Amino acid sequence: MDIQEVKFKLRHNVSELQEAVSVSQDLSSRQQALLKLVICRGLYPQLALPDEHNSTRKDSEQVFHTKNKQGVVIHPTSVFASDPEVLQVPESDVRETGP
């Protein structure tokens, strides 16, 4: 257990968070889409989009782009670097955009 984990547990009720996660797994696809929209809206403009060529890169070399900065990389000690699968979008959620 590292110091960040200790700080997190002191600030949050972990059992409530685990219960919220189990409840969220029962959301309908419509509710999940709404939740994603609300989270993205709340994070904007600190939102990064993956580079179109990330599929050919190793997890540690993934590149993202923000509104103000191109070519952003994930900090090597972040949760996303240690568990890159959370950044993967299921094929069923991928939609083509454009003309």
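A residue counts as exposed here when its relative accessible area is over 50%, as buried when that area is under 20%, and as partly exposed in between. Keep those cut-offs in mind as we walk through this predicted model. Met-1 makes an easy test case: its relative accessibility is 72%, so Met-1 goes down as exposed.

Let's stay at that end of the chain for a moment. Met-1 sits in the segment before α1, the helix that covers 3-11. Together with Ile-3, Val-6 and Leu-10, Met-1 makes up a nonpolar patch on the surface. Taken together, the four residues of that patch offer about 470 Å² of accessible area.

Now step back and look at the whole chain. You'll find four helices and three strands, and reading from the N terminus the order is α-α-α-β-β-β-α. Of the 99 residues, 7% count as buried. The chain exposes about 9100 Å², and carbon and sulfur atoms supply 56% of that area. Contacts tell their own story: take those between residues at least 6 apart in sequence, and 5% of them join residues at least 24 apart.

Moving along the helices, pause at Leu-27. Leu-27 belongs to the loop that links α2 (14-24) to α3 (29-43). With a relative accessibility of 26%, Leu-27 falls into the partly exposed class, because that class lies between the 20% and 50% cut-offs. If you set aside residues up to four places away in sequence, Leu-27 touches Gln-32 and Leu-35.

Next come the strands. The three of them build an open antiparallel sheet, in the order β1-β2-β3. Its edges are β1 (49-50) and β3 (72-73), each of which pairs on one side only. Strand β2 takes in residues 63-65, and two bridges join β2 to β3 in the antiparallel sense. To see that pairing residue by residue, find Val-63, which stands opposite Val-73 in β3.

The loop between β1 and β2 deserves a slower look. Asn-54 is located there, and with a relative accessibility of just 7% the residue counts as buried, because the value is under 20%. What does the side chain of Asn-54 reach at 2.9 Å? The partner is the backbone oxygen of Val-63, the residue we just saw facing Val-73. Leaving out residues up to four places away in sequence, Asn-54 touches Gln-62, Val-63 and Phe-64.

Gln-62 is found in that loop between β1 and β2 too, and is buried at a relative accessible area of 12%. The side chain of Gln-62 has a polar atom 3.1 Å from the backbone oxygen of Asn-54. A polar atom of this side chain also lies 3.1 Å from the backbone oxygen of Lys-58. Beyond neighbours within four places in sequence, Gln-62 is in contact with Asn-54, Arg-57, Val-72 and Val-73. Two of those names, Val-72 and Val-73, bring us back to β3, which spans 72-73.

What about charges? Side chains of opposite charge can pair when their charged atoms come close. The count of salt bridges comes to two. In one of them, the side chains of Arg-57 and Asp-51 meet, 3.0 Å from N to O. Arg-57 is partly exposed at 30% relative accessibility, whereas Asp-51 is buried at 14%. Lys-58 forms a salt bridge with Glu-61, and here the closest N and O atoms are 3.8 Å apart. Lys-58 is exposed, with a relative accessible area of 54%, while Glu-61 is partly exposed at 42%. You've met Lys-58 already, through its backbone oxygen and the side chain of Gln-62.

Finally, follow the chain past β3. His-75 lies in the loop that runs from β3 to α4 (79-82). Is His-75 buried or exposed? At 51% relative accessibility, His-75 counts as exposed, because the cut-off is over 50%. The side chain of His-75 makes a polar contact with the side chain of Thr-77, at 2.9 Å. One last pair to locate in your viewer is His-75 and Ser-60: they are 15 residues apart in sequence, and their C-alpha atoms are 9.4 Å apart in space.

Definitions and conventions:
Residues are numbered from 1 along each chain as its sequence is written. This is a predicted model: local features need pLDDT of at least 70, side-chain atom pairs count only at pLDDT 80 or more; totals for chains, interfaces and linings use all residues. Side-chain values use heavy atoms; hydrogens and water are left out. Patches are made of residues with over 30% relative accessible area and no salt bridge: like charges are joined within 9 Å, nonpolar side chains (Val, Leu, Ile, Met, Phe, Trp, Tyr) within 5 Å. Accessible areas come from the Shrake-Rupley method with a 1.4 Å probe; for residues, only the protein chains shown count as cover. Buried means under 20% relative accessible area, exposed over 50%, partly exposed in between (1.4 Å probe, protein chains only). Two strands pair if DSSP finds at least two bridges between them. Contact means heavy atoms within 4.5 Å. A polar contact is a pair of N or O atoms within 3.5 Å; within protein, one must be able to donate a hydrogen and the other to accept it, and residues adjacent in sequence count only if both atoms are side-chain atoms.
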